[in-house]
Structures are given as C-alpha cells and as structure tokens.
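Here is a short briefing on one protein chain. Keep the structure open as you read.

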Amino acid sequence: MLDIGCVSSRLPIQLASLGYDVHGLDTRPYPFTHPNFRFYQADLFRWTPDVKYDSIVLVSVVEHFGLGEYGDCVMPDADRHAVQTITAWLNHGGQLLVSVPFGKP
C-alpha cells in the first residue's frame, strides 16, 4: 500500500502497526518510523517506485498537486497528470482510493 501526501497523517503508521507493508510518499519529511513503513521524500512527478501497489491512497491531497506550495513542482492540470501517473503504479486490479474536500471553504 502506498499513501501519497502522508506527512500530516498517522494512517501509514497505524496500518504498519497492524502488520501491513506500507510505503509513504511526500515532498516534506515524515516524522514517524516503523519497521513495516518505508518513506520516500520526493515529488511524485520526479519519483519512480520500485514496485507496483495493490492500493494507493490519496487522503485530501490531489487538489494540492502542482501548486508548488509544498516543495512540489508547479504544473498546470497537475491533478489529472497525477492520477495518470499514479494509476500506472497499481497492480492489475489494484485500487486507487481518493478523498477530496467537500463543502464551502
């Protein structure tokens, strides 16, 4: 499982604590470690995983891609490009789980 944009979340550590093999990707450093958790600090548009994943999670992050606010590259239509890039990292039959904000700001 890969959690993209995980720096503000404890989800990867919680899942790793349950025995799952979890990878995390973010442009900023991740403050926690666990034997079942591997963290990669990189921009997703400049990173290539060594493995394919059964599931990839984007928890309230896709709307931030390409804005350059978190050390990532500035890119028009980055959300669309990100989804195309990320889905190529899934195993056949893998799942991409995405959450987005809802409601008025």
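The points below cover the sheet, the helix packed on it and the nonpolar cores.

This is a predicted model. Its five strands form an open sheet with parallel pairing. The strand order is E3-E2-E1-E4-E5.

**Sheet**

- Strand E3 (37–41) and strand E5 (90–99) stand at the edges.
- Each edge strand has a single partner, so one side of each is left without a neighbour in the sheet.
- From one strand to the next, the twist averages 20 degrees.
- Strand E2 (residues 22–26) runs parallel to E3, and five bridges join the two.
- Aspartate 26 has glutamine 41, in E3, as its bridge partner.
- In general, strands of a sheet pair through backbone hydrogen bonds.

**Helix on the sheet**

- Helix H2 (residues 78–87) packs on the sheet.
- H2 touches strand E1 (2–4), strand E4 (53–59) and E5.
- The direction of H2 makes about 145 degrees with that of E5.

**Nonpolar cores**

- The largest nonpolar core holds 16 residues.
- Leu2, Ile4, Leu44, Ile56, Phe65, Ile86 and Trp89 touch the most other members of this core.
- E1, E4 and H2 are the elements that give two or more residues to the largest core.
- Beyond its neighbours within four places in sequence, isoleucine 56 contacts Leu2, Ile4, Ile86, Trp89, Leu90, Gln95, Leu96 and Leu97.
- A second, separate core has nine residues, among them Met1, Cys6, Ile13 and Ala16.
- In soluble globular proteins, nonpolar side chains tend to be buried together.

Note on methods. Residues numbered from 1 in each chain as written. Predicted model: local features only at pLDDT ≥ 70, side-chain atom pairs only at ≥ 80, totals over all residues. Heavy atoms only, no water. Pairing = 2+ DSSP bridges. Helix = DSSP H or I, 4+ residues; strand = E, 2+ residues; numbered from the N terminus. Axes fitted to C-alpha atoms, helices over the stretch in contact; angles between N-to-C directions. Contact = heavy atoms within 4.5 Å. Core = buried A, V, L, I, M, F, W, Y, C linked by side-chain atoms within 4.5 Å. Buried < 20%, exposed > 50% of the residue type's maximum accessible area, 1.4 Å probe, protein only.
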